[in-house]
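Student: Please take one chain of this model and go through its helix packing closely. I would like the cut-offs stated as you go.

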Amino acid sequence: MSKKVKKRLITVLLSFLILIIATLLITMNLRDNIIYFYSPSDLKDAEIDRQNIIRVGGLVKESSYNYDEKSKIYNFVITDNMNEISVTYVGIMPNLFAENKGVVVEGLATSKSSVTALEVLAKHDENYMPPEVIEALKKDGKWQEE
Amino acid sequence: MFYKLPNTLIDTLRNWLPVFYSTTLVTFSIGLYYAIYNSPPDYIQGDSMRIMYVHVPAAWLSLGSYSILAISCIAWFVFRNPIFNLFAKSIAPIGAVFTIIALVTGSIWGKPTWGTWWAWDARLTSMLILFFLYIAYMMTWQVIVNKELAAKISAALGTIGFINIPIIKFSVDWWNTLHQPATISKLSAPSIHISMLTPLMLMTIAYLFLLITLFLIRYKTELVEVKISRIKH
């Protein structure tokens, strides 16, 4: 390597290092803006502006889901296994909505542990399995719901 | 341009391209056969998960293409050999198209799965930024008339954009996103059944051949353009 090339290489690498540090600082400070939703624990700590629409996400707690036929109100609880948020919702549920599955709701916080949802989004996990395999796993008792 | 251009290179590329055309066609036929017919549906998503076979390879290679672009830009800064600019210029539009494919198919998959076409979460937003980076890179070459200046500005832009690649990759781990975390490239075993992994890998190979083929066509065009501009001057 000639001296010139070496010098340029060091300059480029140094500039890139500065760029990485700058990006880290920016993204760390903007975390609250970058995250798509709060976890129930985040919501407990955060100072939530009740006027603003927020998103909360987590797992739908087992046997917490219920639908009132008369008033057409959905009720369920979002949990991150530490804290819980209860959700009320009127509207269309996504097909993949299920207990023990991920969900993100958008709406207004009525208190530190309850949200009135305006929209419900199902969060898909990273598992891909054919139905027969799931059946076989369930038969053997090897399938674990998250 | 002050580098020697091998005159035989264009002819060699022209002779070899049909081989790449046919390989791409064959790999795509096999890949799509497995993706559409010879694989099971998902236990939750049903048949809509087949979009994944088109979506995931496009997304992977859009990141790969940008990495090649950025490394070419860095190499140009260090070695000042214009051949690196030709590499970057050749791959930019291909990467941009792969990014669009990933964004559009993701959106089509998102509607039945999540319940929305689009969400401003970290993965989707950083992917959109990647598309803008490709466009910006191509535009600098189009807009700036002085080619020396265009080389410098585009190389700087391509290098700076490199920072977005790890952000896209790790966005699903660093922040809460609507997009699910990685299935394949994680430390534990991939959480996808082998009957679905096979079509995914076949489609990835097909996409890879498509990328190489398109790159060689674009590279040949760039070489021809260099030749023409030399004759003109």
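Tutor: What follows is a walk through chain B, from its overall build to its helix pairs, one residue and the contact with chain A.

This is a predicted model, where local features need pLDDT of at least 70, side-chain atom pairs count only at pLDDT 80 or more, and totals for chains, interfaces and linings use all residues. Residues are numbered from 1 along each chain as its sequence is written, and chains are lettered from A and ligands numbered from 1 in the order in which they are written.

Chain B has seven helices and zero strands. Helices here are DSSP runs of H or I with at least four residues, strands are runs of E with at least two, and both are numbered from the N terminus. The order is α-α-α-α-α-α-α. The C-alpha atoms fill a box of roughly 65 × 40 × 30 Å along the principal axes. The radius of gyration of chain B is 20 Å, which agrees with the value near 17 Å for a compact globule of 233 residues. That radius is taken over C-alpha atoms, and the globule rule is 2.2 Å times the number of residues to the power 0.38.

Of the 233 residues, 36% count as buried. Buried means 20 or more other C-beta atoms within 10 Å of the residue's own, exposed means 12 or fewer, and partly exposed lies in between, with C-beta atoms placed from the backbone. Among contacts between residues at least 6 apart in sequence, 78% join residues at least 24 apart. A contact needs C-beta atoms, placed from the backbone, within 7 Å.

Now the helix pairs. Helix α1 (residues 7–36) of chain B packs on α7(B) at about 160°, with axes 8 Å apart. Axes are lines fitted to C-alpha atoms, for helices over the stretch in contact, and angles run from 0 to 180 degrees between N-to-C directions. That makes α1(B) roughly antiparallel to α7(B); angles over 145 degrees count as such. The crossing is left-handed, meaning that the near helix is turned anticlockwise from the far one by less than a right angle. This contact has 22 nonpolar, six polar and two charged residues. Ala, Val, Leu, Ile, Met, Phe, Trp, Tyr, Cys and Pro count as nonpolar, Asp, Glu, Lys and Arg as charged, and the others, Gly among them, as polar.

Helix α7 of chain B (residues 194–232) also holds B:Thr204. B:Thr204 counts as partly exposed because 19 C-beta neighbours lie inside 10 Å. Beyond neighbours within four places in sequence, B:Thr204 is in contact with B:Pro57 and B:Trp60.

Helix α3 (residues 83–113) of chain B meets helix α4 (residues 122–143) of chain B at about 150°, axes 9 Å apart. So α3(B) is roughly antiparallel to α4(B). Their crossing is left-handed. Among the residues that meet are B:Ala96 and B:Leu103 in α3(B), and B:Phe131 and B:Trp141 in α4(B). This contact divides into 15 nonpolar, two polar and one charged.

Helix α2 (residues 51–79) of chain B packs on helix α6 (residues 164–174) of chain B at about 160°, axes 10 Å apart. Therefore α2(B) and α6(B) are roughly antiparallel. B:Leu63, B:Tyr66 and B:Ser67 of α2(B) touch B:Ile165, B:Ile168 and B:Lys169 of α6(B).

Last, the partner chain. The contact takes 32 residues from chain A and 33 residues from chain B. On the chain A side, α1(A) gives the most, with seven residues.

Conventions: Two residues are in contact if their C-beta atoms, placed from the backbone, lie within 7 Å. Angles under 35 degrees count as roughly parallel, over 145 as roughly antiparallel, 65 to 115 as roughly perpendicular and the rest as oblique.
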